[in-house]
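Good morning. I will take a few minutes to walk through one structure, from the whole chain down to single residues. Please have the sequence and the model open.

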Amino acid sequence: VFKHDNGPNANTDLLLYTAVTPYEEEQLVRERCEAFLGQNDATGTDRTEILGRQFDAGLAFVHFPEGCGGLGVSPRLGRLVNDLLGAAGVPRPAARTIIGHGMGAPTILAHGSDEQRRRHLRPLFTGEELWCQLFSEPSAGSDLSALATRAVREGDDWVVNGQKVWTSLGHLAKWGMLIARTDPDVPKHKGLTYFLVDMQSPGIQAVPLRQMTGESEFSEVYLSDVRVPDAQRLGDVGEGWKIALTTLMNERVALGSGKSGRGAGPIGEAVELWNAAPQRGTALRHDLTRLWIEAEVLRLTNLRAGQARRAGVPGPEHSVGKLATGELKQRIYALCLDIMGAETLLYGSYDNENPRADNDAGFVQRKFLRARANTIEGGTSEVQRNIIAERVLGLPAEPRDDKNRPWREVPRG
Ligand SMILES: Cc1cc2nc3c(=O)[nH]c(=O)nc-3n(C[C@H](O)[C@H](O)[C@H](O)COP(=O)(O)OP(=O)(O)OC[C@H]3O[C@@H](n4cnc5c(N)ncnc54)[C@H](O)[C@@H]3O)c2cc1C
């Protein structure tokens, strides 16, 4: 057993003891789960209460340091915790916490102060406080670093003005991860700063947008003279882009990892539909087999990428999982509709649910429509291909004439 530092920004009080072999790490997690279940009534305790105790036991984000909801072990062991605690009846965190869990928590861990970690990680895990991501703007999606929302320092506060869009859960969240322009006179990547914003602050208006599935998953968010205390700044002034990359890379991990088991998830549903279908043509069977193999290759690729990942900032290679998961899901659900035939035309309910808890929930036709978003959210497939080309394969970068010009001088639509 060695003492070691857990990540680039680890503070001395977060140093922890970890087992060094995968076997020892797994044993540690099993023992902690057993002890947790021995000390807690898994099914008879209030949901928030037991999730809070799970955090305190280091079984929330196992790869985080002790004191931050983790044990400093490999992230792959998170699944083991879910299996062991889930089997005993401990409630799972709500699906709506995905932005906080997948993106907020690793960003706060990597770049937050001790005080920010203490304040935010626990209620983020229990779901008492939902999170949203205030990044995209009407004229800055793929070209995110061109964003125009301004934050101007006034005493101990920053005053924020601008508009965000496609903000998932923006109308339900308690906290938002915001990037805003604090210096328009330097090149676009350099003039950004990252803030944690209380979504109930005066001057924030979140207007839900209805999408083609029927529900309102995201909002446009207007920020008018919103005062954000400097204490809620994450990282240094001008470091916003670097910190945003932590959020984005973790988003790609969250969107690209999918269900773990062989034949599980969308491909499992397609096989089930196939088995139940009254008429099954040879052509569809070939398509199903081909997609099953692709899903299995993707599962193994994601497993390999997961082995290499520890706490902190995942690498650009996770764009492979994000890209392949999005495109494969669309093709699998298209095949599902082919298998279902005319039944596809019955759409269930078009009521504006506000929003569904789980993006992958509901009837197959809804999932087919929702899967359109998989190649857009978290960076489009074209953008993932650019990242893979430049940062994984080392191909020449796209020509960019705005890289070294002050943002103020770059023409914008
Ligand atoms: C369901 C859903 C949820 C979302 N949730 C959030 C959220 O919570 N918070 C948030 O901030 N954002 C969110 N987004 C926004 C998402 O990140 C953006 O939609 C995405 O980054 C694309 O930006 P854009 O829509 O402005 O499209 P654009 O950037 O305008 O792109 C238009 C088209 O041009 C292509 N393109 C652009 N640049 C290039 C290039 N350099 N090379 C090749 N092709 C290019 C794109 O691939 C795309 O096909 C969400 C989106 C969806 C669909």
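I will start with the chain, go on to the ligand, and finish with three residues.

First, a caution: this is a predicted model. Every value I give is computed from it.

Let us take the overall picture. The protein chain contains 11 helices and 10 strands. Its C-alpha trace spans about 70 × 55 × 45 Å along the principal axes. How does the radius of gyration fit a compact globule? A compact globule of 413 residues would have a value near 22 Å, and the protein chain has 22 Å, so the two agree.

Now to the inside and the outside. Of the 413 residues in the protein chain, 49% count as buried. The accessible surface comes to about 19600 Å², and carbon and sulfur atoms hold 52% of that. Next, take the contacts in the protein chain between residues with a separation of 6 or more. Among these contacts, 71% join residues that are 24 or more positions apart.

On to the ligand. How many residues surround it? There are 18, and the closest are S136, S142, W166, T380 and E382. Sorted by class, the shell has nine polar, five nonpolar and four charged residues.

Where in the chain do they come from? Strand β5, residues 157-168, and helix α11, residues 381-392, each supply at least two residues of the shell. The largest share is three residues, and it comes from β5.

Three polar contacts are worth finding on the screen. In one, a polar side-chain atom of S142 lies 2.6 Å from an oxygen atom of the ligand. In another, a polar backbone atom of Q133 is 2.8 Å from a ligand nitrogen. W166 also uses its backbone: an N or O atom there lies 2.8 Å from a nitrogen atom of the ligand. As for cover, the ligand taken alone exposes 980 Å², and the protein buries 68% of that.

Stay with W166 for a moment, as it is the first of my three residues. W166 lies in strand β5, the strand that gives the largest share of the shell. Its phi is near 60°, a positive value in a residue other than glycine. Is W166 buried or exposed? The cut-off for exposed is over 50% relative accessible area. W166 has 52% relative accessibility, so it counts as exposed. That figure takes only the protein chains as cover.

The second residue is D225, in strand β9, which covers residues 218-229. D225 also has a positive phi, about 50°, although it is not a glycine. Its relative accessibility is 55%, and therefore D225 counts as exposed.

The third residue is G89. Where is it? G89 sits in the loop between α3, residues 77-87, and α4, residues 98-111. Its relative accessibility is 31%, so G89 counts as partly exposed. Which residues does G89 touch, leaving aside those up to four places away in sequence? They are A42 and T43. G89 and A42 are 47 residues apart in sequence, yet their C-alpha atoms are 5.6 Å apart in space.

To close, go back to the ligand and find S142, whose side chain has a polar atom 2.6 Å from a ligand oxygen. Then find W166, which contacts the ligand through a backbone atom at 2.8 Å. That is the end of my part.

Methods:
Residues are numbered from 1 along each chain as its sequence is written. This is a predicted model: local features need pLDDT of at least 70, side-chain atom pairs count only at pLDDT 80 or more; totals for chains, interfaces and linings use all residues. Side-chain values use heavy atoms; hydrogens and water are left out. A residue is near a molecule or strand if one of its heavy atoms lies within 4 Å of it. A polar contact is a pair of N or O atoms within 3.5 Å; within protein, one must be able to donate a hydrogen and the other to accept it, and residues adjacent in sequence count only if both atoms are side-chain atoms. Accessible areas come from the Shrake-Rupley method with a 1.4 Å probe; for residues, only the protein chains shown count as cover. Helices (H or I, at least four residues) and strands (E, at least two) are DSSP runs, numbered from the N terminus. Ala, Val, Leu, Ile, Met, Phe, Trp, Tyr, Cys and Pro count as nonpolar, Asp, Glu, Lys and Arg as charged, and the others, Gly among them, as polar. The radius of gyration is taken over C-alpha atoms; the globule rule is 2.2 Å times the number of residues to the power 0.38. Buried means under 20% relative accessible area, exposed over 50%, partly exposed in between (1.4 Å probe, protein chains only). Contact means heavy atoms within 4.5 Å.
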